[in-house]
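Student: Could we go through this model together, one question at a time, so that I can follow each answer on the structure itself?

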Amino acid sequence: MELGPYLLLATLEGAVTAAVLALTAVGLSLVFGVMRVVNIAHGEFFMLGAVIAWYVAQMMGGHPAIGFGAALIVAPLLVGAIAVAVDMTILKRIDYDPERTIVATIGVLYIIQQLTLMGYGPDARPVAAPFNTRLAIPWWELKDGSLQMYWPWGLSTTSYKLAVIVAAPLVLLGVWLMMARTRIGLLMRATQQDRDMALAFGIPVERVYALVFGIGAALAALAAVLIVPIQQAHYLMGTDPLLLSFIVVIIGGLGSLPGTVVAAILIGLSDGIISVFFSPTLAKILATLLVGLVLVFRPQGLFGTRGS
Amino acid sequence: MLELHGIGAGYGRAQVLRNLCLRVEAGEILCLLGRNGAGKTTTMKAIMGLLPLMAGRIVLDGTEISALPAYQVPRAGIGYIPQGRRLFPGLTVAQNLAVGMQTRASPPEVLEEMLDLFPRLRERMGQRAQTLSGGEQQMLATARALCLRPKALLLDEPTEGLQPSMIEAIRQVIVKMRDRGVAILLVEQRVDAVLSVADRVAFIENGLNGETLSAEALRADHSIVDRYVGV
């Protein structure tokens with residue numbers, strides 16, 4: 001097989017990574033943007049989404065689509081509710097102080113992780129995809145001076161992976177519509193830009209914070225439900241999404257949602273392509289190097305604004 | 001209408017206001033005069049609930065607003081025009097006004113009324129607040145606060161850095177609101193601007209009450225002004 005089909009395959013794998021990463025990172029970026037706090041436990045909310053998806057799928061039985069569909073709704077809602085509880089019982093009490101929030105969410109990270117280990121166990125468990133048709137991908141080659149289509153061996157993807165690539169942009173469109181067009185989005189953006197003035201105009205800032213923290217966690221959980229038919233649920237699976245989300249949020253510009261999406265596509269695609277051609281470790285090394293370069297030469301990120 | 005009973009407030013452990021008492025009646029402009037650092041802006045923030053009270057209480061129209069959480073203070077009917085305008089810079093003019101409209105769920109005709117009061121804003125509805133000129137920003141900050149249909153209006157140096165025609169426009173709006181029965185608390189540095197609109201003037205010095213005098217008396221005897229704010 002020549003290079004072209006490999007590159008296409010790697011790009012498709014990268015697009016799945018990018019789609020899931022974009023959802024997770026937008027959740028992190030939303031929390032940072034509005035609340036100005038860094039949530040180290042974000043990866044654990046991702047992991048919880050996958051684990052809850054497994055429990056829900058087990059309980060529902062029947063056709064895989066029923067369990068998966070239920071998980072798609074239950075996991076984000078449940079994880080969102082847990083995050084709201086974390087916000088109200090912990091973050092609110094330390095007054096959203098940036099440093100103390102980092103320490104507190106590290107604590108939350110270990111609590112969630114160890115409770116999952118105690119309850120769910122150390123095994124990696126799969127969730128069946130709702131549909132998983134194998135799709136062969138055609139390629140073209142030049143034969144006798146004309147282009148001919150053929151089906152290279154091993155060049156295929158699944159309908160489920162394509163569905164993930166389509167679903168993530170739709171969810172992100174929904175998030176954007178919420179921020180740009182709805183009343184609650186207006187209140188969130190007003191709170192983001194000037195907390196004191198938001199209070200002075202009757203916006204219940206603490207409730208907005210709880211809601212934003214819940215939505216951020218729910219997005220991570222949703223991303224995990226989407227990936228769990230491909231990757232399996234495991235109690236340590238939150239580490240990589242957390243690291244990659246931070247990389248994406250820093251490169252995109254802290255708190256900038258469009259920047260986060262662009263950086264997620266960039267990092268996701270390059271992660272997929274480099275992993276296929278070289279190794280996943282090299283992909284992480286390069287991504288981390290890119291963060292270093294961005295921090296040195298453009299500290300506000302690609303789409304961030306200086307001093308905000 | 002708006003009463004401050006012996007309030008104390010400050011930042012952290014540094015107390016700025018001590019036993020401060022003020023009273024603004026409906027349909028009256030009370031001007032707060034004092035040197036830099038005397039506690040004028042702190043008084044405004046304390047009324048809005050943005051600083052915790054160390055002592056005393058604040059009452060608006062019979063409601064003890066100092067007992068409410070900060071976000072409910074404006075809902076009781078206080079419009080705040082802060083120093084430096086403090087618009088939501090990334091939001092459009094329309095969205096900034098929408099934030100003011102939602103505070104007390106004002107009916108849509110209030111927005112129309114604001115746009116009639118400040119026709120310049122109507123042309124700029126889709127523009128981000130940070131791209132407006134200084135005068136337009138002050139109009140927007142004023143309109144945003146008036147969108148609440150407030151019982152009491154707090155203005156913190158509304159004419160700072162504005163050209164004379166704009167100062168006159170703001171002055172006319174203030175007087176119009178007074179004639180409608182709004183209680184107005186005005187902080188202003190420029191004594192001549194104060195004396196032309198204020199009904200009464202309260203002096204504040206090192207966070208403590210000074211005298212409260214009618215503006216007429218001050219216009220007659222300028223020496224008191226010099227004692228409190230003179231160099």
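**Strands, core and contact**

Tutor: In this predicted model, strand β4 (residues 53-60) of chain B and β5(B) pair in the antiparallel sense, and two bridges join them.

Student: Which residue of β5(B) stands opposite L60(B)?

Tutor: L60(B) belongs to the stretch 53-60, which is strand β4 of chain B, and β5 of chain B covers 63-64. The residue of β5(B) that stands opposite L60(B) is T63(B).

Student: In what order do the four strands of this open sheet of chain B lie, and which are its edge strands?

Tutor: The pairing throughout this sheet is antiparallel, and the four strands follow the order β2-β1-β4-β5 in chain B. Each edge strand pairs on one side only, and these strands are β2 (14-24) and β5 (63-64) of chain B.

Student: What angle does the direction of helix α1 (residues 40-48) of chain B make with that of β2(B)?

Tutor: Helix α1 of chain B packs on the sheet, where α1(B) touches β1 (2-11), β2 and β4 of chain B. The angle between the direction of α1(B) and that of β2(B) is about 75°.

Student: Which residue of β7(B) is the bridge partner of I78(B)?

Tutor: Strand β6 (residues 78-81) of chain B runs parallel to strand β7 (residues 152-156) of chain B, and four bridges join them. I78(B) and Y80(B) point one way from β6(B), while G79(B) and I81(B) point the other way, and all are buried. In β7(B), the bridge partner of I78(B) is A152(B).

Student: Which helix of chain A gives the most residues to the largest nonpolar core?

Tutor: This core holds 168 residues, and those that touch the most other members include A53(A), A221(A), A224(A) and A152(B). With 19 residues, the element that gives the most to this core is helix α8 (residues 205-231) of chain A. Beyond its neighbours within four places in sequence, A53(A) is in contact with several residues, among them A224(A), V225(A) and V228(A), and their numbers fall within 205-231, the span of helix α8 of chain A.

Student: Which element gives the most to the side of chain A that touches chain B?

Tutor: The contact takes 15 residues from chain A and 18 residues from chain B. On the side of chain A, the residues divide into nine nonpolar, two polar and four charged. The elements giving two or more residues there are α6 (183-193) and α7 (195-200) of chain A, and the one that gives the most, with five residues, is α6(A).

Technical notes. Residues are numbered from 1 along each chain as its sequence is written. Chains are lettered from A and ligands numbered from 1 in the order in which they are written. This is a predicted model: local features need pLDDT of at least 70, side-chain atom pairs count only at pLDDT 80 or more; totals for chains, interfaces and linings use all residues. A nonpolar core is a set of buried Ala, Val, Leu, Ile, Met, Phe, Trp, Tyr and Cys residues joined through C-beta atoms within 7 Å. A residue is buried if 20 or more other C-beta atoms lie within 10 Å of its own, exposed if 12 or fewer, and partly exposed in between; C-beta atoms are placed from the backbone. Two residues are in contact if their C-beta atoms, placed from the backbone, lie within 7 Å. Ala, Val, Leu, Ile, Met, Phe, Trp, Tyr, Cys and Pro count as nonpolar, Asp, Glu, Lys and Arg as charged, and the others, Gly among them, as polar. Two strands pair if DSSP finds at least two bridges between them. Axes are lines fitted to C-alpha atoms, for helices over the stretch in contact, and angles run from 0 to 180 degrees between N-to-C directions.
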